[in-house]
Amino acid sequence: MSRLIFQLSGSVGLDNLTHVQISLSEPPVFGVPAHPFQCTGDEQPLAVLRDTRLPIDGVTRTAGRFLFEEVMRHPGVASQLPVALNTQPPDRCPVFVELATGAEVEALPWETLCAPSGEFLGLDERWSLGRIVNSPIVREPYWYLEPPVRIAVVLSCLGIPAADEWQALRDAVAAAPGVPVELLVVVSEKELYEQVLDKGGGVRVELVPEDLADLHRLISGFRPHLLHFFCHGSVQGGPHLQLAFGTDWDTGRADHSLNVEAREFRDFVDGAGDPPWLTVLNCCEGAAVGDGPESMQSLALRLVYEGGLPAVVAMRESVPGDDANLFTRAFYKRLLAELAERAAGSGAGPEAAEPVDWAMLLVAARTRLAHKHTDMTLSQAAASTKEWTLPAVYLRHPHGQGPARPGGPPPAVDSDTDGDGDGGPPTLRAARKEIEALQGLLAQLPPSAPQALRAEAEQRLGELAGLLEHR
């Protein structure tokens, strides 16, 4: 499967101002340097979309085409993006935007990218569209799909009952019986706690503890593959999640007792284990950028860049509760169906050996959000509404986005299976070390680095991933 990655990076000029440049990272096109990218988000088509609250005829299509034209000003992108758009099913050519500069670039509505033909990249699994953030953290997890899939869910949205969100998730799990699922549900509503407890079904339910450290221990001890938050979010004072205690519901408080910033997420991961495959922030502004200096990067971006999380799904703006529930039902239904196919080993083509593409799995949820406008066709709703564009996915790297195939974990690094005292089979040990080194190299390569160097490192990463998968 091929893919297209274009990068937005910043450099400081002689005027001491940051200048944004666009370059083509993949596939490499030799002899085409980075070009200025002058789109700020204040242009009329994008400003209108940002301020839109009700369906307006063609507003999303106009914004998406404008952004597409701005990207196509780079000769390398202009030569390769039409090739990607000619991809026909069942083939795919995912498109990624790599964010390597400031807030203005991240705040652009990349999910609206629309080809001249009127096709939205984010509504078609052939292209899907995701955001890449290269983290300086070089620790690379090694995933293998080995059911049951563990999902930790935090339902704590003060003032908005979470029963519908819980039901949406339960419906998605019930629709994919082919993969066993273990659920840890952490709630702040006592009524919902009793409801989940009464239903049983092997679901573990807990109340939100009144100490963040206890919440960390609760979730990290469960070692979730998928971590889901349904709560409030805000960029005021810095991007963070807002959680409530049961007493907050009892007293009718207007604010929240527990605020969680990006740096506090790392303790949700067991220090001895791998991070979740995917973290979902089903809340307002998880992928939003604020105005103040403390909010120049979204919470989702920080979780990937600073926390080293492999993949984060979040919302670019505020979302109403019913939209959040629609998203959960559609997204997890598609995700669990994908994992069920892999667990059953039913994939026989080359895709079966590919890591899970979270961006591709978002297409079903975006489509469902557009379909909620039942008085419109899908094409009309996609062109004139923006709710479907709000879910965004941030990835550390297009390699290793999730569990590739069934199987047990690789031999532990501290096992001495070949008897030479070096901690394991030399081939696997060396492969892991080389992967870490290559990931670190790619994370720190400047935009001016030769494209051939990046391409060679990418190719080698793919070879090493194959070695570990077929150990």
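Helices here are DSSP runs of H or I with at least four residues, strands are E runs of at least two, and both are numbered from the N terminus. With that in hand, Arg223 can be placed in the loop between α7 (212–222) and β9. Keep in mind that this is a predicted model.

**Loop residues with unusual backbones**

Arg223 is not a glycine, and yet its phi is positive, at about 50°. How covered is Arg223? Its relative accessible area is 43%, so Arg223 counts as partly exposed. Glu285 tells a similar kind of story: a positive phi of about 65°, again without being a glycine. Glu285 sits in the loop between β12 (278–282) and α9 (299–305). With a relative accessible area of 24%, Glu285 is partly exposed, because buried would call for a value under 20%.

There are also cis peptide bonds to look at, set out here with their omega values.

| Cis peptide bond | Omega |
|---|---|
| Glu26 and Pro27 | about 0° |
| Pro89 and Pro90 | about 5° |

Pro27 belongs to the loop between β2 (18–26) and β3 (35–36), while Pro90 is in the loop that runs between α3 (75–85) and β4 (95–100).

**The chain as a whole**

Stepping back, the protein chain has 14 helices and 14 strands. It runs to 471 residues, and 54% of them count as buried. If you take contacts between residues at least 6 apart in sequence, 73% join residues at least 24 apart. The accessible surface comes to about 19500 Å², with 52% of that belonging to carbon and sulfur atoms.

**Strand β6 and its neighbours**

Now for β6, which covers residues 149–156 and is mostly covered itself: eight of its eight residues are buried. Val149, Ile151, Val153 and Leu155 point one way, and Arg150, Ala152, Val154 and Ser156 point the other. That fits the general rule that side chains in a regular strand alternate between the two faces of the sheet.

Which strands pair with β6? One of them is β7 (residues 181–187), in the parallel sense over seven bridges, where Ala152 has Leu184 as its bridge partner. To get from β6 to β7 the chain goes through helix α5 (residues 163–174), in a right-handed β-α-β crossover. Strand β9 (residues 226–234) also pairs with β6 in the parallel sense, over six bridges. There, His228 in β9 is the bridge partner of Val153.

**The largest pocket**

The largest pocket holds about 1000 Å³ of space. Its lining is made of 41 residues, and those nearest the centre are Arg50, Ala288, Val289, Arg316 and Glu317. Two elements, α1 (44–51) and α4 (103–106), give two or more residues to this lining. Of the elements, α1 gives the most, with four residues.

**Two helix residues**

Arg65 is in helix α2 (residues 59–71), and its relative accessible area of 32% makes it partly exposed. Leaving out residues up to four places away in sequence, Arg65 touches Cys114, Ala115, Pro116, Ser117 and Gly118. Take Pro116: it is 51 residues from Arg65 in sequence, but their C-alpha atoms are 6.6 Å apart.

Ile435 is in helix α13 (residues 426–444). Is Ile435 buried or exposed? It is buried, with a relative accessible area of 6%. Between the C-alpha atoms of Ile435 and Glu463 there are 10.0 Å, with 28 residues separating the two along the chain.

Definitions and conventions:
Residues numbered from 1 in each chain as written. Predicted model: local features only at pLDDT ≥ 70, side-chain atom pairs only at ≥ 80, totals over all residues. Heavy atoms only, no water. Buried < 20%, exposed > 50% of the residue type's maximum accessible area, 1.4 Å probe, protein only. Pairing = 2+ DSSP bridges. Right-handed = clockwise from strand over helix to strand, strands pointing away. Contact = heavy atoms within 4.5 Å. Areas by Shrake-Rupley, 256 points an atom, 1.4 Å probe, with all protein chains shown as cover. 1 Å grid on protein atoms, 1.4 Å probe; cavity = no way out; pocket = protein on both sides within 12 Å on 5 of 7 lines; lining within 4 Å. Points joined across faces, edges and corners; volume = space filled by probe spheres on them.
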